[in-house]
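Hi everyone, thanks for making time for this. Let me put the sequence and the structure up on the screen, and then we can walk through them together.

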Amino acid sequence: LSRPNADKELFHLLFAEYMATDDYQMMVDEAQATYIADTVKQERRQLEARGGAIENVLGAPITLATNDDSLSDPSNDRRPVKAVIYSESHTNLLSVAEFLYERFPRENLAELCEGRIAEMTYELSRFRNNYKEGKHCPICNCWNEFKGRNLTSCHNRLLEVEDAEGRFFLIEPERILRAVSVEEYNTWSLDRQAEMVGNTLMNFRLPGTEADKFSKYGLSPKYWRVDDGLIIDARDPHPLLPRRWNQKQWEQYGSQQCMELFVRDLGQGRDNYFGPLPEYENEGDALNVIVKIRKWSKCGTFHGTSRWYTGPTLVDTEIETVKEDVFMMLLDASLATGLDLSFVTHLFLLEPIDDAALLEQVTSRAHRLGCTGPVIVETVNVWQGKLEESTKAVAKQLAASIVKEEEENRRTSTAVCEHCYRSFESMEKAEAHEAKCERNPDSSAEVDPFHLSSVYRDIRPPPPMTAGDTRGRKAGGLADEDTNGGTI
């Protein structure tokens, strides 16, 4: 290869390998989430400038437009912004969802990705009607969504941690400020390092940029490991969390028996209680407490009514209906059939859909009878925008050559052998096959007479009939008789 061609091939090879890495896919997912978030925010600002959304008594979107002429005027569209993010890849959809959760509160998104039918119906109802049903746990005050099943125990995850003085207590994931990285630990003073409990984390443990990846530790249990070192906010009351029950109240609910079970199991059992946090010297110390994870479980598992807990439970709490603002929904391709999304205003496709019938089926979920305004459908395509100018030029030339090569392949892909009618990718391959084709009379290929293919070799079409040829027919339509008494 010449030098320019060699550079193109090398760039193509390296870039193809880079695009297959997890880092590049994370960049693509983050760019898609950023574009979707910016677009939705802009649409909501424009809606507020038009006077805000108008909803009917059921929360379903409506519009001020009353005739076909005014429907084309965007200023008359007062429907609430409802955006659907659609993907044929479950993994890509969840990855984009993680970045969207960083930009919006959890209550702004509904997930139609997996689960039982009752759970999916609940999520679709949230997205359409902007309200949710559930119960607040009387112990940790966590919200438990009502999805058709009886709520008997709290499903909120609590972490059991240990501080530098050997005290064990339960915390909510919201109290986690960040995980302790190796780089942060190396910047501490010797006194601060002496207070360290647990293990430091390497950079590859968590996704994201170097600036904020360790602050994402509390977002998902998939990042958690036993003995990981954390920095938490141990203030009580917390600015975002309710005050906990005092120790006297916990003693009435069986905390003494809980500690007896805790000691009996050497701290390895499931028993602990959501009691008061340890007291520290001042508020500043409580804001940055170093702890390590010992275990985590659901709130209902820690406070087992069959073992020691005698206080109020989720069963004793009434179901509440809470108003919320849900304007985005994550939709998996496997669950998109048969949905009525006529109230949707935006549909974002994370991958191009080449099948025209499938694209029509997906868009028809929103653009259908009952729709009262336009539906914007966008395919979110992403390209790396931080390449050098020389690299961009090489990439442009490479893309042009790839398109030209694909067109050439499509043009020559109809080459067939004139004897067996087998298709080939190019005319050169077809001609090379004809030279040794078993059906070619001029071929030098050896034929196995006992192979099934030899039967097709002997099959020949009948000779063409000439004008006036009456073989096998007479004027009366009767067959001629041969000399042996048979018929022709």
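Let's start with a lysine. K295 is buried, because its relative accessible area is 16%, under the 20% cut-off for that label. What does its side chain meet? K295 and E160 form a salt bridge, with 2.9 Å from N to O. Before I go on, please keep in mind that this is a predicted model.

The two partners come from distant parts of the chain: E160 sits in strand β5, residues 157–163, while K295 sits in strand β9, residues 289–298, and 135 residues separate them. E160 is buried as well, with 0% relative accessibility.

There is another link between those two strands. E162 and K292 also meet through their side chains in a salt bridge, this one at 3.9 Å from N to O. E162 belongs to β5 and K292 to β9, so this pair ties together parts that lie 130 residues apart in sequence. Are these two buried or partly exposed? E162 counts as buried at 17% relative accessibility, whereas K292, at 21%, counts as partly exposed.

Now let's put those pairs together. E160, E162, D227, K292, R294 and K295 are linked in a network of salt bridges. As a general reminder, side chains of opposite charge can pair when their charged atoms come close. How many salt bridges does the structure hold? The count is 21.

One more of them deserves a look, and this one joins two loops. D265 and R307 meet in a salt bridge at 4.0 Å, N to O. D265 is in the loop between α9 (255–264) and α10 (283–287), and R307 is in the loop between α11 (299–302) and β10 (320–323), which puts them 42 residues apart. D265 is partly exposed, with a relative accessible area of 24%, and R307 is partly exposed too, at 28%.

From R307, please step along to W308, because I'd like to talk about aromatics. The structure holds twelve aromatic pairs. The rings of W308 and W250 have centres 6.4 Å apart and planes at 45°, so this pair is tilted; the tilted class covers angles from 30 to 60 degrees. W250 is in helix α8, residues 247–252, and W308 is in the loop between α11 and β10, so the pair ties together parts that are 58 residues apart in sequence. Both rings belong to buried residues: W250 has 0% relative accessibility, and W308 has 2%. Which residues join them in one cluster? The aromatic cluster is made of W245, W250, Y253, Y273, W308 and Y309.

Leading up to α8, there is a loop that starts from β8 (229–232), and D233 lies in it. D233 is buried, with a relative accessible area of 2%. Its side chain makes a polar contact with the side chain of R235, at 2.8 Å.

Let's move on to a helix, α5, residues 117–129. Its 13 residues should span 18 Å at 1.5 Å a residue, and its end C-alpha atoms are 18 Å apart, which agrees. Which of its residues are buried? They are E119, M120, Y122, E123, R126, F127 and N129. The buried residues of α5 pack against several strands, including β1 (83–87), β2 (109–112), β3 (131–136) and β11 (328–332). Just after the helix, N130 takes a positive phi of about 65°.

F127 also leads us to M328. Among the residues that M328 touches are I36, V40, I85, L109 and F127. M328 is a member of the largest nonpolar core, which has 23 residues; I36, V40, I85, L100, M328 and L330 touch the most other members. The elements that give two or more residues to this core are α2 (22–49), β1, α4 (90–103) and β11. Which element gives the most? That would be α4, with six residues.

A last stop, further along the chain: D355 is in the loop between β12 (346–349) and α12 (356–363). D355 counts as partly exposed, at 44% relative accessibility. Its side chain reaches the backbone nitrogen of A357 at 3.0 Å.

Thanks for listening, and I'm happy to take questions.

Key: Residues are numbered from 1 along each chain as its sequence is written. This is a predicted model: local features need pLDDT of at least 70, side-chain atom pairs count only at pLDDT 80 or more; totals for chains, interfaces and linings use all residues. Side-chain values use heavy atoms; hydrogens and water are left out. Helices (H or I, at least four residues) and strands (E, at least two) are DSSP runs, numbered from the N terminus. Buried means under 20% relative accessible area, exposed over 50%, partly exposed in between (1.4 Å probe, protein chains only). The expected span of a helix is 1.5 Å times one less than its number of residues. Contact means heavy atoms within 4.5 Å. A nonpolar core is a set of buried Ala, Val, Leu, Ile, Met, Phe, Trp, Tyr and Cys residues joined through side-chain atoms within 4.5 Å. A polar contact is a pair of N or O atoms within 3.5 Å; within protein, one must be able to donate a hydrogen and the other to accept it, and residues adjacent in sequence count only if both atoms are side-chain atoms. Rings of Phe, Tyr and Trp (its six-membered ring) pair if their centres lie within 6.5 Å; planes under 30 degrees apart count as stacked, over 60 as edge-to-face and the rest as tilted. Lists of a residue's contacts leave out its neighbours within four places in sequence.
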